[in-house]
Amino acid sequence: MQRLRGVAPGLAVGLLVIDLVGMLVLSVVTPSFLSTYNLFVTGRDLSILLLVALAQMVVLSLGQMNLSIGSIGGLVAIIESGLMVRYGWPVPFALGAGLLLGIVCGIINGLLVHWTKINSFVLTLATSYIFAGINLGITHATPFYHIPVEISSFGQARIGAFPVMAAVTIVLTVGLFSCTRSSSAGSCWPWVATSWQRGFQGSRCGELSSRLMRSPDSSPRWPAPCSWRSWDRDSRRSARPGCCPPSPGRSSAAPPSQAEARRSSAPCWRWS
Amino acid sequence: LLALLIVTVGFWIFFSVAASGFTSDFNLFSLLRFAAIQITIGFAQMVVLSIGDMNLAVGAIGGATGMIAGWVMQILGLPPEVAVLFALAVGMLLGFGNALLITWTRINSFIVTLATASLITGAMLILTHAHPFSQLPDSFTSFSEIEVAGLPMSPLVLVMLGVAAALFFLYRNLSLGKEMLAVGANRQAARMSGLSVDRVVLSTHGLSGVLAGTAGLMAISADHTASPSLGSDWLLASFVSPAIGGTLLSGGLVSVPGTVLGGVLLATISNGLLLVNIDNFWITVFLGVVLLLAVGLDRLTRAAGGAAS
């Protein structure tokens, strides 16, 4: 879990190099890789996979996991198509209802984690079976054909090699990126992760995170603007272990263990 | 554990009243055999949970070893004993491979085994071309069919009980078992008190591989077929039995009898719900709910106990 928290900035560069080399090798080995249609298909797969990965990323940033992403996605897709195909709902309403259902499923996960304090891995493993089971129980594993043409043509639409579908992903990705950079909610995710695991509640961000843990509603009021960047800067500029305040759970008489000392001297999290 | 026993007995009473044929010899036989396999899968996960790791490759290793045993018996025509030994050795090697990757790269075991799971399954599919082996020798398949001492109990149940006894002994009496729990409870402390954590991780993942291989062999013996899809649905089962039985997912605490009871409960529920004509799909929902309830109850009782003491 600790390793998931820090994302080294060098890693992204390395990945970019691997990506570029991979593309180069593939386009040399199989020239059809660069064909317009293949780029379109690859881009479309990418735009779906990226959204799935972002769905996991926001949960990982809390230091938790969500194994039910796949079943929530499947359930939402089935409900949306069921509303459109079976009940003839107009497309926007069905999509809205589907997104709402996704939010509800996520909030169910969140509430259960909050109330039961069960490890999110086990909890979402259980709910993933529940969501997938509901999906199969409703549909008896028969797929919906004849999806409205607006939907299916949207998936096929392309401008050159650029899949129109990718626009959705790009907007959401940029939105999430700017959210983690600027908004107080986004920037405090890593704080919740660290403070949750350490259980400290003294500092501003600790207060914030405990407040968040107490009130699991979807739009908490943030008590104070909390900028992770100032913390990060401080901890880098001065050698003092400012990033991770010690946990009050440890009795002050006991000397800090090596592990704790090492942890608190290093910056404990960083956005890429 | 007592609560779990009461719940299990309660379900048995409920199903023997509500579902006709639940107590028939045939049904008890297949229920216990299914439970034995589920529990062995749970053990494969339990040992890695005890050191605070996870092994998402349990199903992949079980499926691969099952396919290898099928290949050795059907294509090479070697006797089942050889196939079993060979398959278990492969299971152990795959477990060692996981452990080496974890200790060398220091990557989280979750990520490592997630990756090796698809590696192992992929290699197995490439090597076997996804063809099942269905002509297994009679001496191997009949092992799961005979009844022990006239009771509705397959020898597989005895295998499972033997494994359970061995694991119980391991955690209760052997130094390796204690070391595993120490590593699970606090890895840093274990390292600082002179334990070779890497060695413990290595033996634990090897043991998990052997147990997953055992489960794979039991499953192909019961199915009479080594099918490439074997193990693909083991993930929930591998976590449910230990989690219901009170094994801590963060490591340091295991319960072998709890895992046995958890597996029996899991098998009872899926068998009983099928008998009372509940749609197979809804059983999945029910299993998820049972896992939630079991872990939640465990939390509650532990919190209550902690407050009292």
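# Helix packing and residue environments: exercises

Helix α2 (residues 25-50) and helix α10 (residues 197-223) of chain B pack with their axes 8 Å apart, at an angle of about 165°. The model is predicted: local features need pLDDT of at least 70, side-chain atom pairs count only at pLDDT 80 or more, and totals for chains, interfaces and linings use all residues. Residues are numbered from 1 along each chain as its sequence is written, chains are lettered from A in the order in which they are written, and side-chain values use heavy atoms, with hydrogens and water left out.

**Exercise 1.** Classify the mutual orientation of α2(B) and α10(B), and describe their contact.

*Solution.*
Step 1. Axes are lines fitted to C-alpha atoms, for helices over the stretch in contact, and angles run from 0 to 180 degrees between N-to-C directions. Helices are DSSP runs (H or I, at least four residues), as are strands (E, at least two), numbered from the N terminus.
Step 2. Angles under 35 degrees count as roughly parallel, over 145 as roughly antiparallel, 65 to 115 as roughly perpendicular and the rest as oblique. The pair α2(B) and α10(B) is therefore roughly antiparallel.
Step 3. The two helices cross in the left-handed sense, meaning that the near helix is turned anticlockwise from the far one by less than a right angle, whereas clockwise is right-handed.
Step 4. On α2(B) the contact (heavy atoms within 4.5 Å) includes B:Arg33, B:Ile37, B:Phe43 and B:Val47; on α10(B), B:His205, B:Leu211, B:Ala215 and B:Met218 are among the residues involved.
Step 5. By class, this contact has 14 nonpolar, five polar and one charged residues. Here Ala, Val, Leu, Ile, Met, Phe, Trp, Tyr, Cys and Pro count as nonpolar, Asp, Glu, Lys and Arg as charged, and the others, Gly among them, as polar.

**Exercise 2.** Analyse the packing of helix α3 (residues 58-74) of chain B against α10(B).

*Solution.*
Step 1. The axes of α3(B) and α10(B) are 7 Å apart, and the packing angle is about 55°.
Step 2. That angle makes α3(B) oblique to α10(B).
Step 3. The crossing of α3(B) over α10(B) is right-handed.
Step 4. Among the residues that meet are B:Gly62, B:Gly66 and B:Gly70 in α3(B), and B:Gly209, B:Gly213 and B:Gly216 in α10(B).
Step 5. The contact residues divide into seven nonpolar, eight polar and no charged.

**Exercise 3.** Determine how α11(B) and α12(B) are arranged.

*Solution.*
Step 1. The axes of helix α11 (residues 235-244) and helix α12 (residues 256-275) of chain B come within 7 Å and cross at roughly 120°.
Step 2. The two helices are therefore oblique to each other.
Step 3. The crossing is right-handed.
Step 4. Contributors to the contact include B:Val240 and B:Pro242 of α11(B), together with B:Gly262 and B:Leu266 of α12(B). Sorted by class, there are six nonpolar, five polar and no charged residues.

**Exercise 4.** Describe the aromatic pairing of B:Phe11 and B:Phe15.

*Solution.*
Step 1. Rings of Phe, Tyr and Trp (its six-membered ring) pair if their centres lie within 6.5 Å; planes under 30 degrees apart count as stacked, over 60 as edge-to-face and the rest as tilted. Over all chains, the structure holds five aromatic pairs.
Step 2. B:Phe11 and B:Phe15 form a stacked pair, 5.8 Å centre to centre with 25° between the planes.
Step 3. Both residues lie in helix α1 (residues 2-18) of chain B, four residues apart, about one turn of the helix.
Step 4. B:Phe15 counts as buried because its relative accessibility is 1%; the limits are under 20% for buried, over 50% for exposed and in between for partly exposed (1.4 Å probe, protein chains only).
Step 5. A further group, A:Phe121, B:Phe110 and B:Phe239, forms one aromatic cluster.

**Exercise 5.** Locate B:Arg106 and B:His129, and state their phi values and exposure.

*Solution.*
Step 1. B:Arg106 is in the loop between α4 (80-105) and α5 (109-128) of chain B. Its phi is near 60°, a positive value in a residue other than glycine.
Step 2. With a relative accessible area of 35%, B:Arg106 is partly exposed.
Step 3. B:His129 sits in the loop between α5 and α6 (138-141) of chain B, and has a positive phi of about 55° although it is not a glycine.
Step 4. With a relative accessible area of 61%, B:His129 is exposed.
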